[in-house]
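Here are my quick notes on this one, in numbered points. Have the coordinates open as you read.

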Number of protein chains: 2
Amino acid sequence: MLDGLRARQPAALARAISVVENGRPGFEALLSALHPGLGRAHRIGITGPPGAGKSTLTERLVAAYRSQGHQVAVVAVDPTSPFSGGALLGDRIRMESIALDPGVFIRSMATRGSLGGLATSTREVCDVLDAAGFDRILVETVGVGQSELAVSRMADSSLLLLVPESGDGIQTLKSGVMEVADLFVVNKADRPGADKLRQEIEITLGIRRGNAFRHVPAHHGFKARTTAESEALAAESDAEWKHPVLATIAAKGEGIGEVIAALDAHRDWLAASGTMRERRRRRLEERTREVVDRALVRWVWDETGAGQAIRDRLDDLEAGRVSPYEVAGGILDGLKQGARP
Amino acid sequence: MLDGLRARQPAALARAISVVENGRPGFEALLSALHPGLGRAHRIGITGPPGAGKSTLTERLVAAYRSQGHQVAVVAVDPTSPFSGGALLGDRIRMESIALDPGVFIRSMATRGSLGGLATSTREVCDVLDAAGFDRILVETVGVGQSELAVSRMADSSLLLLVPESGDGIQTLKSGVMEVADLFVVNKADRPGADKLRQEIEITLGIRRGNAFRHVPAHHGFKARTTAESEALAAESDAEWKHPVLATIAAKGEGIGEVIAALDAHRDWLAASGTMRERRRRRLEERTREVVDRALVRWVWDETGAGQAIRDRLDDLEAGRVSPYEVAGGILDGLKQGARP
């Protein structure tokens, strides 16, 4: 399977992803074997409120990357929601324009367990895609809340897509804004309020430097540059990343080149500033913790008698003779001593 | 503190909630002591997409319960989101009309860790409020996704609030709709499409019985009834709950009496059908599992050397000499044997 995967054979790829996504026997051994070869792909997180145009932007970015000769994978993360489902379905249909390209791989991930679990599974699926040689992996999250943070923690570069209608929400981003995303994009920029929103984001970022709507911080160079040029630019700038705030009309393909250039510049900056290495180390530590937590919880409920120990006390719990905390305490004491309660 | 709490002294209540919410030393002992006296409150979950009018409905329900002499608590669960923040702020301001009433307690809970952790904390805060004698506890969740499911698992009665604009999403609820909520309410019922949405929900529920917009299933009796009447009605109906689909214009106070009556009827049905007991037992089992998981993860990272064991291998992880799965496996083996890695 490993050879098939590295040769990007569709069947091997589908099988590997399915094994990893469902935690089937051997999934950890597979991921373990892939580990040394990871890190070639640029992982890009795209998030934003429903209706911001994430799928349209993703589709445009995929087309642009394809025209540059990249192998592109799209992972769409759908936190289970009765409300976003309809929109999602539409998105998937629209994506069919790129789905027919054999150089593009699209996969939806649905929430099964907790969001925490989904975030880990998504990272692991991205590992498989990275190992398979996709050098651009776009992870699109639908919905709001924890999922954004989970994405920004997993991606090399995270992009927050907003529309003029999101204006009210931006005020609350406040000082936390830089942790939310590396790049900000105001989509549907031909609508009223787009200019104002962009200004507000820049003020919030504390990098407001002018009033012109199409003003672009010069040192980011939002034109296609050679890697050498970008690296030189990144190296001569501060250690701090200056978050670009861009404007697009994704439906018409306007501003896409600038987004691609900003993503390239961010990746170059990550490498030149040493941030890539830091982030990678932090993610490795986090991943190991997640794997421990997941395996530990699985072990307790599948392999020890803890579940039965609770059921044996249900009558007492119901009658108030014992509390959940007392029952849990007994189970924990046993686990800590290596006993199997 | 326990005596002050049971006497609903504001200072004792605030202190108890703070201890529980932040997991301060002794929080499990406190919850354990409260356990035997729980179960008097009617816990009601209110969820729905942003903009559906959840806070307006909550405010109206609080006023109605207060006029009946109930002590009412509102717990607003805010999954951290850069996008819903603005709306939330507005909601909190609007709620000030009820916040001045000493018979009403309002508390916001923000996501700190995982959503799973937030759901557990919310349930524990509700326990404190239950023990303090609040007999109606409204838990309002903002946002979409996992949080709905978490709420419906914690509440005795869960209400899904929709607006005509939510029409597209309802199709995807499909067969899972009954698990999402016990009551459905179409708010802003004077808007175009409200009638159609209500019909669609009823069709999805398979209980479509007529075309009249204001049609109400007769046997639910959406008028104020005595408890005895409601109980008799609930007892004579099937063991199965017939999900009501109601219409409100919360901003004008229209339809609130019907929602209150439906919530009362649901509670009566829960008791008469034996479902309350089943749900309570299931929740006690689930809670105990959550407490074990939470304490276990805390123990591993705070009290064993697992965190240091990962950091010691970071260089090897980065160089690809060892994978996160191998490092995690070693830690797990130690934990399972009761050793402290």
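1. Keep in mind that this is a predicted model. I'd start at strand β1(A), which is covered on both faces. On one side sit A:His42, A:Ile44 and A:Ile46, and on the other A:Arg43, A:Gly45 and A:Thr47, every one of them buried. Put as a count, 6 of the 6 residues in this strand (42-47) are buried.

2. Which strands pair with β1(A)? One is β4(A), residues 136-141, running parallel to β1(A) over 5 bridges. The other is β5(A), residues 157-162, also in the parallel sense, with 4 bridges. A:Ile44 is a handy marker here: its opposite number in β4(A) is A:Leu138, while in β5(A) its bridge partner is A:Ser157.

3. A:Ile137 is worth a click too. Leaving out residues up to four places away in sequence, A:Ile137 touches A:Ala41, A:Arg43, A:Ile44, A:Ala73, A:Val75, A:Cys126, A:Leu129 and A:Asp130. Two of the β1(A) residues from point 1, A:Arg43 and A:Ile44, are therefore on that list, given the 7 Å C-beta cut-off for a contact.

4. Now the largest nonpolar core, which has 154 residues. The members touching the most others are A:Leu129, A:Ile137 and A:Val139, along with B:Leu129, B:Ile137 and B:Val139. The biggest contribution to this core comes from helix α13 of chain A (residues 256-273), which supplies 8 residues. As background, nonpolar side chains in soluble globular proteins tend to be buried together.

5. How enclosed is α13(A), and why? Of its 18 residues, 13 are buried, so the rest of the structure largely encloses this helix. From first C-alpha to last, α13(A) reaches 25 Å, close to the 26 Å expected at 1.5 Å a residue. Just after the helix comes A:Gly274, with a positive phi near 85°.

6. For the backbone-minded: A:Arg8 has a positive phi, near 55°, and isn't a glycine. This residue lies in the loop between α1 (2-6) and α2 (10-21) of chain A. A:Arg8 counts as partly exposed because 17 C-beta neighbours fall inside 10 Å. Chain B has its own case in B:Arg8, where phi is again positive and near 55°, in the loop between α1 (2-6) and α2 (10-21) of chain B. B:Arg8 is partly exposed as well, with 17 other C-beta atoms within 10 Å.

7. Finally, the wider view of chain A. It holds 17 helices and 7 strands, and 45% of its 341 residues are buried. Among chain A contacts between residues at least 6 apart in sequence, 77% join residues at least 24 apart.

Notes
Residues numbered from 1 in each chain as written. Chains lettered and ligands numbered in written order. Predicted model: local features only at pLDDT ≥ 70, side-chain atom pairs only at ≥ 80, totals over all residues. Core = buried A, V, L, I, M, F, W, Y, C linked by C-beta atoms within 7 Å. Buried ≥ 20, exposed ≤ 12 C-beta atoms within 10 Å, placed from the backbone. Helix = DSSP H or I, 4+ residues; strand = E, 2+ residues; numbered from the N terminus. Expected span 1.5 Å × (residues − 1). Pairing = 2+ DSSP bridges.
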